[in-house]
Amino acid sequence: MSVVPSSLLPASAVPAFRGRIGRDVRSGHYAVPHRYRLHVAPSSPGCLSIALAHGLLGLDGTLPLTVLPDTPDAPDGGYAALRPLYEASAHLYDGPASAPVLSDGWTGRIVTTHVPDILRDLALRFRGDGPDLLPEEHRAEIDAVAELCGRSVNRAAQRAGELGLDDEAAHHEPLGVLFAALGSLEERLARHPYVLGDAPTLADVHVWVTLVQLDTVHRWHLDAAAMDRVAAHPALWAYAQRLAALPEFARHLDIDAVLRRHRSHCRGREAAGAGIRIVDWSAAPR
C-alpha cells in the first residue's frame, strides 16, 4: 500500500452517534429482523457503500432501507426527515441531521451514523445467509484497502484539484500518490476478478464506490493529462464496468444524483479534464 504524505491526510470527522450492534441481548443493540432501519442518500459515497453492502447481503426483508433525496433539504445541510430521530437521540441537538443513519425502531433513536461501523455490523451481525463480506483472514487487508481508497485516491484527487496547476511541485505530489494507489489496485485486479480474490468483500465495496467518485466527481477537478493517466489502468476500469453490470451494484447508482449533490456544494475550479469519462455508468442495469 502507498504511504500518504501527512499533508494529504484529511481531518478526522467525528460521527454524531457511534453505537454498535452486539452479539447478543446483553449488548443492548443486537441484530433482530425488522428492528432497525437504514436511512441513506446514495448520491454520497458513504451512503452508496452502505446501500451496496445491504444489497449484496440481501437484507431487504430483514433490515429496511429508506432512500433519501440526493441533496439535503434542510438549511443546515441535513435532512428534515431525520430531524426527529436526531432530536430524540440527543437533548437539544443542534447539528445537521445528516445521512447515513442506522436507527432503532424499538427505541426511536439512532444507533450510529458512522459509515465504517455500519458496514462492519452489516457484514458481521446482519449477514444471515449472505456472502461473507468481511472474512476474518482478510480483515486487516480490507481495512488497508479502505485507507488506500480514502486517503490515496479520494483525498489525493481532491487535493490535486484544490492546488490546480499554479504550483507544479505541489500539484504533482498528490497526483503521484493517486497514480501509485491506482497502480496498486491495477496489479491486484490483473490477477483476480475481485480485489481480494475470487469473491466480493467489503474491499470491493470500497474500491468500486471510489472509482465511481473518481470518474464522476474528481474528474471535474483534474486536467486532461491527469485523466489520461487515470484511464491507463485497463484491468481496474474493466472491473468497474463489469461490476456496474451487476444488479446489486447498479441498483442504487444514479450518476445524475451524484453530480447534483456535488454541484450543490462544490466551489472548486473545474479543469480541462472535466469532459473525460472512462466508464459509461448510465449503461448499468436497473
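Axes here are lines fitted to C-alpha atoms, for helices over the stretch in contact, and the angles between their N-to-C directions run from 0 to 180 degrees. With that convention in hand, the predicted model shows helix α1 lying across strands β1 and β2, and its direction makes an angle of about 135 degrees with β1.

The sheet itself is a good place to continue. Four strands form an open sheet in the order β2-β1-β3-β4, and their pairing is mixed. The edge positions belong to β2 (65-67) and β4; each has a single partner strand, so one side of each is left without a neighbour in the sheet. From one strand to the next, the twist averages 35 degrees. Strands of a sheet pair through backbone hydrogen bonds, in either a parallel or an antiparallel sense. For β3 and β4 the pairing is antiparallel and extends over 3 bridges; Leu102 has Thr112 of β4 as its bridge partner.

Helix α3 (residues 115-125) has as its buried residues Asp117, Ile118, Leu119, Asp121, Leu122 and Ala123. Their cover includes three strands of the sheet, β1 (36-40), β3 (101-104) and β4 (109-112), along with the helices α1 (45-56) and α6.

Turning to the interior, the largest nonpolar core comprises 82 residues, and the most contacts inside it are made by Leu82, Leu122, Leu178, Leu202, Trp208, Trp237 and Trp281. Helix α6 (residues 202-216) is the greatest contributor to this core, supplying 9 residues. Leu122 thus appears both in this list and among the buried residues of α3. Leu82, for its part, is in contact with His39, Leu68, Ala97, Ser98, Ala99 and Val101, neighbours within four places in sequence being left aside.

Definitions and conventions. Residues are numbered from 1 along each chain as its sequence is written. This is a predicted model: local features need pLDDT of at least 70, side-chain atom pairs count only at pLDDT 80 or more; totals for chains, interfaces and linings use all residues. Side-chain values use heavy atoms; hydrogens and water are left out. A nonpolar core is a set of buried Ala, Val, Leu, Ile, Met, Phe, Trp, Tyr and Cys residues joined through side-chain atoms within 4.5 Å. Buried means under 20% relative accessible area, exposed over 50%, partly exposed in between (1.4 Å probe, protein chains only). Helices (H or I, at least four residues) and strands (E, at least two) are DSSP runs, numbered from the N terminus. Contact means heavy atoms within 4.5 Å. Two strands pair if DSSP finds at least two bridges between them.
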